[in-house]
Amino acid sequence: AEGRLLHAWRDGRAGARGMLDDYAAIARAPLALFEASGEPADLEAARGLATKALELFGDGLGGVYLTAADAADIPGPRPRHAHDGATPSGVGLLMEVFARLSHLTEEPLGRDAADRLVRAFSGAPEGSAGSPLLLMGADMLERGGCVAIDGPLDSQAAQALADVALHQPDPALSVLRLDRRLWPNGAPRPDLPSVDGPAAMLCRGQTCSLPVTTSTALAELLATSKG
């Protein structure tokens, strides 16, 4: 009733309240939608879920627990670990969300939260070998970036560039569809220069390539600019 995620739902019966992996996985979903759609509402949904995850599961020092602070329906001490099992760990999923947000926006939520999260678990007794998704997120944070497609979402030229970007094989690169008409209060990456006509730029950190305007040129740029 209060809008919280549930861990399980079957035959009309609600299970326990959502755990960290539930919030992290559901936050990753609208982020993937945003990369494909460019719709601001998808990015806002991802931001909201990531922020809520920190609020419910954060330890105040950058780390996170697997259960919420008010999870009275799950008895015992609150566990915390980052190792992946049969499914990815909530910590690893959340790290990926923060890393992608850091490249898609200039907000501190992404970079700062990702830095604090990886530091909180880097000294875990079980080591980092059992946490490949957390390590992937840390790598994505440092060497990753985004392919910014500047142009109307209904432009065929912009869509052709987006198709190339979305099919590139480097998982450390996110895709930012930037239809400036949809961002009257400012785009999520205000540092990106405006361009004439649909164009794509490859950005890593604070450095962006010169814009390219054709699918062939973008494919060549991505092929020759590995992180």
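This is a short spoken tour of one protein model, from the overall fold down to single residues.

Good morning, everyone. One caution before we start: the model is predicted.

Let's begin with the whole chain. The secondary structure comes to seven helices and six strands. Reading from the N terminus, the elements run β-β-α-α-α-α-α-β-α-β-β-β-α. The radius of gyration is 19 Å, and the globule rule gives 17 Å for 227 residues. Those two values are close, so the protein is as compact as a globular protein of that length. Along the principal axes, the C-alpha atoms fill a box of roughly 60 × 40 × 30 Å.

How much of the protein is buried? Buried residues make up 44% of the 227. Now the contacts. Take those between residues at least 6 apart in sequence: 62% of them join residues at least 24 apart. The accessible surface comes to about 11,100 Å². Carbon and sulfur atoms account for 57% of that surface.

A word on charge. There are 20 positive and 29 negative charges in the protein. Their mean positions are 3 Å apart.

On to the sheet. Four strands form an open sheet, with mixed pairing. What is the strand order? It goes β4-β3-β5-β6. At the edges stand β4, residues 173-178, and β6, residues 207-208. Each of these has a single partner strand, so one side of each is left without a neighbour in the sheet. As background, strands of a sheet pair through backbone hydrogen bonds, either parallel or antiparallel.

We have both kinds here. Strand β3 covers residues 145-150, and strand β5 covers residues 199-204. Those two run antiparallel, joined by five bridges. One pair to look for is Ala-148 with its bridge partner Met-201 in β5. Then turn to β3 and β4. They run parallel, and six bridges join them. Val-147 stands opposite Val-175 in β4. Asp-150 has Leu-178 of β4 as its bridge partner.

Stay with β3 for a moment. Why call it largely enclosed by the rest of the structure? Because six of its six residues are buried. Both faces are covered. Gly-145, Val-147 and Ile-149 are buried on one side. Cys-146, Ala-148 and Asp-150 are buried on the other.

Now β4, the edge strand. Is it open or enclosed? Six of its six residues are buried, so β4 is largely enclosed by the rest of the structure. Leu-173, Val-175 and Arg-177 are buried on one face. Ser-174, Leu-176 and Leu-178 are buried on the other. So β4 lacks a sheet neighbour on one side, yet both of its faces are covered.

What touches β4 from outside the sheet? Look at Arg-100, in helix α3, residues 90-104. Arg-100 touches Leu-173 and Ser-174, among others. Its contacts away from its sequence neighbours also include Arg-28, Leu-31, Glu-35, Met-140 and Pro-171. Is Arg-100 buried or exposed? Its relative accessible area is 6%. The cut-off for buried is under 20%, so Arg-100 is buried. Its C-alpha atom is 9.2 Å from that of Val-175, a residue 75 places away along the chain.

Next, follow the chain out of β4. Asp-179 is found in the loop between β4 and β5. A loop residue, then, but Asp-179 has just 2% relative accessibility and counts as buried. Beyond its sequence neighbours, Asp-179 touches Gly-151, Pro-152 and Leu-153. Leu-153 is 26 residues away in sequence, with 5.9 Å between the two C-alpha atoms.

Two more stops. The first is Leu-109, in helix α4, residues 108-121. Leaving aside neighbours within four places, Leu-109 contacts Arg-47, Thr-51, Leu-54, Phe-98 and Leu-101. Ala-99 is ten residues from Leu-109 along the chain, and their C-alpha atoms are separated by 9.6 Å.

The second is Asp-11. Where does it sit? Asp-11 is in the loop between β1, residues 9-10, and β2, residues 13-14. Its relative accessibility is 67%, and it counts as exposed. Check its backbone too: phi is near 55 degrees, a positive value in a residue other than glycine.

To recap: an open sheet of four strands, with β3 largely enclosed and β4 largely enclosed as well. Thank you.

Conventions: Residues are numbered from 1 along each chain as its sequence is written. This is a predicted model: local features need pLDDT of at least 70, side-chain atom pairs count only at pLDDT 80 or more; totals for chains, interfaces and linings use all residues. Side-chain values use heavy atoms; hydrogens and water are left out. Two strands pair if DSSP finds at least two bridges between them. The radius of gyration is taken over C-alpha atoms; the globule rule is 2.2 Å times the number of residues to the power 0.38. Buried means under 20% relative accessible area, exposed over 50%, partly exposed in between (1.4 Å probe, protein chains only). Contact means heavy atoms within 4.5 Å. Accessible areas come from the Shrake-Rupley method with a 1.4 Å probe; for residues, only the protein chains shown count as cover. Lys and Arg count as positive and Asp and Glu as negative; His and the chain ends are not counted. The place of a charge is taken as NZ of Lys, CZ of Arg, CG of Asp or CD of Glu.
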